[in-house]
Amino acid sequence: MTEARIPLSGYGRPFAPEMLARAHAFHRTLRTRRTIRDFAPDPIPREIIETCIRAAATAPSGANQQPWHFVAISAPETKRKIREAAEAEERAFYGGKASDDWLDALAPLGTDAEKPFLEIAPWLIAVFAQRRGDDGGKNYYVTESVGIATGMLITALHSAGLGTLTHTPAPMNFLSEICGRPATEKPLVLIVVGYPSKGATVPAHALDKKSLEQVSTFIG
Ligand code: IYR
C-alpha cells in the first residue's frame, strides 16, 4: 500500500562556497575525534545522552524499520557486571583465542584484557540490532542500518564534546542478559562515553588517516 506523501522540507540550496565552507567545518570537527581509552569519572547529564541517541535514531534504515535499540547505562552495579563479563571474554581472547596476526595488528593500540573504563566512564551505550520487528516480521539490512546509526551516534557524541570508545568484546551475548534484551536482538557494539581524563593519551598512529586518494576513486 502506498502511503500519503508530504512535501519535503528542511533542504535549502546554499551557494556552493557556503556548502564548501560547511563541508570543511564538519571535516575539521570530525578529524579531531579520537578513540579514547582514558576516561574521567565526571558525570554527564542524561539529557545529552538522550539527545545524541535521538540524533542517531534519525538514521536511514532498511524500509524505515529502524532496527536498533540503545541501552544507556550509568548505574554503577550494571557497569561493574558488564566490566566483569567483558574482561572474562577478553582474557580468553588475549590468552589464546586471538590469532597471532590479530594480536600483532592490535599491538600498536597497547590494549589488553583490563577494561577499567567500563566502570570509570559515566555512560555505556550498548547498541542492539533487531533482526525482527515488534510484530515478529523480518527486518531488512539490519547490520547496515545499525552501523549507520552507530556512526551517527559517535558523531553526535563527538560534536557534543564527548569522548567515545567503540568497544566490541567478542562474543557479546552477555550484554543481552545484563541489559534485559530479547534473543531476537543481537548486541553489536558497546560505546563507552565520557570526558577524556586529564592527561589521556592516544596512539601516535591514531592521526594516520588514509588520504583521499587512498580511500576514494572518482569516475567522471
Ligand atoms: N575486543 C578486544 C580486542 C580489540 C580488537 C580490535 I579489531 C580493536 O580495534 C581493539 C581491541 C579489546 O577490546 O581489547
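Here is a walk through this structure, from the whole chain down to its sheet and its largest pocket. Keep in mind that what you're looking at is a predicted model.

Let's begin with the overall picture. The chain has 220 residues, and 33% of them count as buried. Its C-alpha atoms fill a box of roughly 55 × 45 × 40 Å along the principal axes. Eight helices and four strands make up its elements, and if you follow them from the N terminus, they come in the order α-α-β-α-α-α-β-α-β-α-β-α. Contacts tell you something about how the chain folds back on itself: take the ones between residues at least 6 apart in sequence, and 81% of those join residues at least 24 apart.

Now for the sheet. Strands of a sheet pair through backbone hydrogen bonds, either parallel or antiparallel. Here the four strands form an open sheet with antiparallel pairing, in the order β1-β2-β4-β3. At the edges sit β1 (68–73) and β3 (163–167), each pairing on one side only. Going from one strand to the next, the twist averages 25 degrees.

You can cross the sheet strand by strand. Starting at β1, six bridges join it to β2 (residues 123–130), and along this pairing W68 stands opposite A129 in β2. Next, β2 pairs with β4 over eight bridges; look for A126, whose bridge partner in β4 is L190. Last come β3 and β4, joined by five bridges, with L165 partnered by V192 in β4.

What about the helices around the sheet? Helix α2 (residues 46–56) packs on it, touching β1, β2 and β4 (185–194), and the direction of α2 makes about 165 degrees with that of β1. Helix α6 (residues 142–159) lies across β1, β2, β3 and β4, and runs at about 160 degrees to β2. As for β4, eight of its 10 residues are buried, so this strand is largely enclosed by the rest of the structure.

Finally, let's look for open space. Rolling a probe the size of a water molecule over the atoms shows where empty space is left. The largest pocket holds about 380 Å³ of space. Which residues line the largest pocket? They are F26, H27, L30, R31, R33, R34, L207 and K209, so you'll want to look at two stretches of the numbering to find them. By type, that lining divides into four charged residues, three nonpolar and one polar.

Conventions
Residues numbered from 1 in each chain as written. Predicted model: local features only at pLDDT ≥ 70, side-chain atom pairs only at ≥ 80, totals over all residues. Heavy atoms only, no water. 1 Å grid on protein atoms, 1.4 Å probe; cavity = no way out; pocket = protein on both sides within 12 Å on 5 of 7 lines; lining within 4 Å. Points joined across faces, edges and corners; volume = space filled by probe spheres on them. Nonpolar A, V, L, I, M, F, W, Y, C, P; charged D, E, K, R; others polar. Pairing = 2+ DSSP bridges. Helix = DSSP H or I, 4+ residues; strand = E, 2+ residues; numbered from the N terminus. Axes fitted to C-alpha atoms, helices over the stretch in contact; angles between N-to-C directions. Contact = heavy atoms within 4.5 Å. Buried < 20%, exposed > 50% of the residue type's maximum accessible area, 1.4 Å probe, protein only.
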